[in-house]
Amino acid sequence: MGIFHFGEEKGNFYRSQWNELVGRGQQTYTPTQIVVERAQGVYLYTVDRRKLIDFTSGVLVSNLGYSHPLFERKFRYYYGELPRNTYNMITPIQVEASRRLIESFGYSKAQKILWAASGSEGIQKAMWCALHRYPDRFIIVATRHGFHGKKGLAADVTGESSPNPNVRWISFPMGEGYGKEYYKKELDNLWDEYSGKVALLITEPYLGAKGSYHPPKWYHKLLQEWCNSHDIPFIFDEVQSCFGRTGNMYAFQTYEVEPDLVVLGKGMANGEPASAVVGREDLIESLEYGEASDTFSGGTSACCAVCATMDVFEEENIIEHVREITPYFQMMLSKLKERFSFIVDVRGEGLVYGIDCVSSEIANMCVLEAYYGVGSEGVHFLGPLAKKVLRVSPPLIITEEEIDRAFEILNSAWERIE
Ligand SMILES: Cc1ncc(COP(=O)(O)O)c(C=O)c1O
């Protein structure tokens, strides 16, 4: 039997229909499976008239919240009467979005762009670039426990083992407390074994799906130095972190590195499907004519949405807002940790955190009880990451009052667990 909530006649109907019609392969794990009919700001409204504060932003996608007035207006303005399909043609908005994205990086290696329609496709394209640039190199270095997607080469470098015999793993800090030397030794050993054969190194700013592990700054600098010293393309997966999550437009700014290729996705188009690879021209141009083309990449809706999102970031100072609200959000999270003994740790930065619970059972109860909330109000979480970590990633526009209300609800709801 699928997920059922008492008193939710409409929601139960849609859930059962969905499960009957749609293959389970498309579903992602959640104990709540909310059915939403309307969304506004940080709120999701269900078909059974429940009002939820969104602590997910979709899956870190709707960074500007829902039905954002300026975003919607700009999106419609850019769209005008443009064709939806842009195959074998160019529209001015595609040129504009490409230019703005490249310029937004502000460093000299950001020279050219390749568009993709999903994060994993962006990763695939970035890895192709490095593999084609150096056809005699075959070793792919990836940081262990990352998540880069479920398809193709992105899947090959996800997790800790790979069906691809050319993938080699290096450690990513997960709170073990090892110093720089530990990681440097791993890299040097790898070079001793495969000197001249390493085609690329791929990592993500922080481990999201593995349960929110955010490394010390020196870690990415070390990876970059190693890559630079051996002329190895350094690929930074910012599919999740781009567009403000860490308190900067991009996490490479937070971690003070300048990767050779950066993959963007999720929040860059505030909900429209879009992804892109930005970086060194020699890498991007190593793909032959048409090799990375497809039907939808960099289409009208993606480019209009990217420009509209960038407008809102500029006009409403979204980054400044994230920086201002972060200490307050962190304070509320630490109070929650003090209050509930089932919370073992809270990890994160900017507006992206993981609440590590004592067990998977408790984490699932937290998601459910947050949903049941207080009266008709609740807080929406994703199904736990790495079995027992609650992802906290509200829309970046969240206000202090909305944070207060969300934590009031959580404090009451989670008392039912203790
Ligand atoms: C860091 C990171 N890379 C890549 C992906 C894959 O993106 P998509 O699901 O759009 O293929 C994700 C998705 O969660 C992600 O978080």
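**Exercise 1. Work out which residues belong to domain 1 and domain 2, and how far apart their centres lie.**

Step 1: The domain assignment (an automatic or database one) gives domain 1 as 9–60 + 317–415 and domain 2 as 70–315. Residues are numbered from 1 along each chain as its sequence is written.

Step 2: Keep in mind that this is a predicted model, where local features need pLDDT of at least 70, side-chain atom pairs count only at pLDDT 80 or more, and totals for chains, interfaces and linings use all residues; side-chain values use heavy atoms, with hydrogens and water left out.

Step 3: Taken over C-alpha atoms, the centres of the two domains are 27 Å apart.

**Exercise 2. Describe the place where domain 1 touches domain 2.**

Step 1: Start with contact, meaning heavy atoms within 4.5 Å. Domain 1 brings 25 residues and domain 2 brings 24 residues.

Step 2: Now the buried area, which is the accessible area (1.4 Å probe) that two parts lose on being put together, summed over both. Here that's about 1,800 Å², with 50% from carbon and sulfur atoms. L60, R347 and E349 supply 31% of what domain 1 buries against domain 2, more than any other three residues.

Step 3: Look for pairs across the domains. There are zero salt bridges (a side-chain nitrogen of Lys or Arg within 4 Å of a carboxyl oxygen of Asp or Glu) between domain 1 and domain 2.

**Exercise 3. Find the salt bridge that R100 forms, and say where its two residues sit.**

Step 1: The whole structure has 26 salt bridges.

Step 2: R100 pairs with D311, and their closest N and O atoms are 2.8 Å apart.

Step 3: R100 is in helix α4 (residues 92–105) and D311 is in helix α11 (residues 300–315), so you're looking at distant parts of the chain, 211 residues apart. Helices here are DSSP runs (H or I, at least four residues), numbered from the N terminus.

**Exercise 4. List residues around the ligand and check some distances.**

Step 1: A residue counts as near if one of its heavy atoms lies within 4 Å. Among those around the ligand are G119, F147, H148, E204 and Q240.

Step 2: A polar backbone atom of G119 is 2.8 Å from a ligand oxygen atom.

Step 3: For Q240, a polar side-chain atom lies 3.1 Å from an oxygen atom of the ligand.

Terms used:
A polar contact is a pair of N or O atoms within 3.5 Å; within protein, one must be able to donate a hydrogen and the other to accept it, and residues adjacent in sequence count only if both atoms are side-chain atoms.
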